[in-house]
Amino acid sequence: MRLRYHRRRLADFAGGMRLSRELIGHERWPREQLRQHQQQRLDALVRHAVERSPFYRERFSGEIGSGPVELSRLPVMDKTRMMENYDEIVTDPRLKRDELLAWVERMQRDEFYLGEYRAMTTSGSSGKKGLFVYDAGGWRAIAAMFFRQNAWMGVKPRLPRRFRMAIVGGAAPSHMTRQGSANLKIGIHRFLGLPLTLPIERMVAELNRFQPEYLNAYPSMAVRLAEEQLAGHLHIAPKMMSTSSEMRTPEMTERLVEAFGVHPFDLYATTEGIWGVECEYHEGIHLFEDVALFENVDENDHPVPPGEPGAKLLVTNLYNRVQPIIRLEVSDVLTIEPEPCACGRTLARAHAIEGRSDDVLRLPGRKGDEVAVHPIEFGIVTRDREVREWQVVQEGRSLRILVVPRSGASNALERRVRGAVSQRLSELGVADPRVEVERREELARSAGGKLQVVVADPAARETHLGSR
Ligand SMILES: [Zn+2]
């Protein structure tokens, strides 16, 4: 059984490598050529879904003729509906939602379901659980995007002195990043994985010993390590760094550059299948839209033009056939950059991954309106030199800012942070901002180790909208 596992893993690795080279060849295509490629894959995906998935057969009946598929005419899907209809959506009738969920729950390490599928779950901040099964083709596209991100950052397999990569993450085995790194561990790189739950002293000692050339961490953890480096406890000199999964504000980036002397690449990856990475210009994340299509839309699913933030994405995965993902809502807030990038790649660029729309705070405005406050606005808290970590918790129309101070922080910290945030909220048009600041020893993280920097109170919106 394990032998079969290893064989399949090596095949995924090799297939992913091959595909990544093919994909890199698309990056400078004229937009029209890219569009044709997308259309071909979309047509094949939708026809496959209609043929093999009872759900899509019924849902798309009448919409699919013999000509090119018009994506914008197909119905939009949300995660709740996907989960409710899961057993009819998948194209392999052996796959059953409840059995899969129970299997993922029991999973101890990287494993294949029925000897061929990878299954993973997501838990959105809204608490809606998502289940995703990938077949060999779909998974190799994921592996290819992993290698492609590395290639953009300059991480290449090297022998005989193998490249030393350290990844600080706390994801469960069912999470995509854990399965992705399991795929990587076939001996091409030297690899150190550190759980987020490790005490910081141990983490510093491990990194000092390993001396990574490449370091990946969630932004909040990377900033924590930057503190250790600046304090003289951590002594590493990575040639490359990357961050992912959480929002990274410009202020956090500044601190990372100050500590490590390299500009960190921001990675973007979703379990639904849209991924991306910054290029060497660090002016937005190029999205790998030759693997998955994205539509940047407002709350009513209408397209949002470049230069304006959307409310969510609709994602269509062009490679996974076993669980067709067609116009699935992903609650990430993106602004697409209208201008082409100086690097010459034609892949669209997201100007900012501004956090999830669930994390956007809605506060009463001075003009009786409602002001949307993006998580990125709270980056000013990082600018305070005495702040190590922070989290914003909304309670009704009040905000509680939990702050983990640096050692030796002064008593003026709370007042300063409260002043800075109140001023920013006023500038944004919030009426009578109510801000409290509290010191904490540490902040609560999710089971996956992620820090939700802004915790919105959904009930607050109804209250102040109702009071208008
Ligand atoms: Zn670029």
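**Figure 1. Thr243, a buried residue in a strand.** At 0% relative accessibility, Thr243 falls under the 20% cut-off and therefore counts as buried. This view, like those that follow, comes from a predicted model. Thr243 sits in strand E6, which covers residues 240–243. Which residues does Thr243 touch, once its neighbours within four places in sequence are left aside? Its partners are Asn216, Ala217, Pro219, Ala222, Arg248, Leu256, Phe265, Asp266 and Leu267. Some of these names return in the next view: Pro219 and Ala222 take part in the meeting of helices H10 and H11 from the H10 side, and Leu256 from the H11 side.

**Figure 2. Helices H10 and H11 cross.** Two packed helices are described by the angle between their axes and by the distance between those axes. For H10 (residues 219–230) and H11 (residues 250–260), the axes come within 9 Å and cross at roughly 40°. The crossing of H10 and H11 is left-handed. From H10, the residues that meet H11 are Pro219, Ser220, Ala222, Val223, Leu225, Ala226, Glu227, Gln229 and Leu230. On the H11 side you will find Met252, Arg255, Leu256, Glu258, Ala259 and Phe260. Sorted by character, the residues of this contact are 10 nonpolar, 2 polar and 3 charged.

**Figure 3. Two loop residues with positive phi.** Neither residue in this pair of close-ups is a glycine, yet His282 has a positive phi of about 55° and Asp301 has one of about 70°. Where is His282 placed? His282 lies in the loop between strand E8 (275–278) and strand E9 (285–287). Asp301 belongs to the loop that runs between strand E10 (292–297) and strand E11 (312–317). With a relative accessible area of 25%, Asp301 lies between the 20% and 50% cut-offs, so it is partly exposed.

**Figure 4. Pro433, between a helix and a strand.** Pro433 is in the loop between helix H13 (413–427) and strand E19 (434–439). Is Pro433 buried, partly exposed or exposed? Its relative accessibility is 23%, so Pro433 counts as partly exposed. Not counting residues up to four places away in sequence, Pro433 touches Ser422, Leu425 and Ser426. A handy distance to look for is the one from Pro433 to Gln423: these residues are 10 apart along the chain, and their C-alpha atoms are separated by 8.4 Å.

**Figure 5. Ala444, an exposed loop residue.** Strand E19 also borders this view, for Ala444 is found in the loop between E19 and strand E20 (454–455). Ala444 has 63% relative accessibility, over the 50% cut-off, and so counts as exposed. With residues up to four places away in sequence set aside, Ala444 touches Gln391 and Leu451. Gln391 is 53 residues from Ala444 in sequence, and the two are 9.4 Å apart in space, C-alpha to C-alpha.

**Figure 6. Stepping back to the chain that holds these sites.** The secondary structure of the chain comes to 14 helices and 20 strands. Its C-alpha trace spans about 65 × 65 × 45 Å along the principal axes. A compact globule of 468 residues would have a radius of gyration near 23 Å, and the chain agrees because its own value is 23 Å. Buried residues make up 55% of the 468 residues. Of the contacts with a separation of 6 or more, 66% join residues 24 or more positions apart. The chain exposes about 20600 Å², and carbon and sulfur atoms supply 49% of that area.

Methods: Residues are numbered from 1 along each chain as its sequence is written. This is a predicted model: local features need pLDDT of at least 70, side-chain atom pairs count only at pLDDT 80 or more; totals for chains, interfaces and linings use all residues. Side-chain values use heavy atoms; hydrogens and water are left out. Axes are lines fitted to C-alpha atoms, for helices over the stretch in contact, and angles run from 0 to 180 degrees between N-to-C directions. Helices (H or I, at least four residues) and strands (E, at least two) are DSSP runs, numbered from the N terminus. A crossing is left-handed if the near helix is turned anticlockwise from the far one by less than a right angle, and right-handed if clockwise. Contact means heavy atoms within 4.5 Å. Ala, Val, Leu, Ile, Met, Phe, Trp, Tyr, Cys and Pro count as nonpolar, Asp, Glu, Lys and Arg as charged, and the others, Gly among them, as polar. The radius of gyration is taken over C-alpha atoms; the globule rule is 2.2 Å times the number of residues to the power 0.38. Buried means under 20% relative accessible area, exposed over 50%, partly exposed in between (1.4 Å probe, protein chains only). Accessible areas come from the Shrake-Rupley method with a 1.4 Å probe; for residues, only the protein chains shown count as cover.
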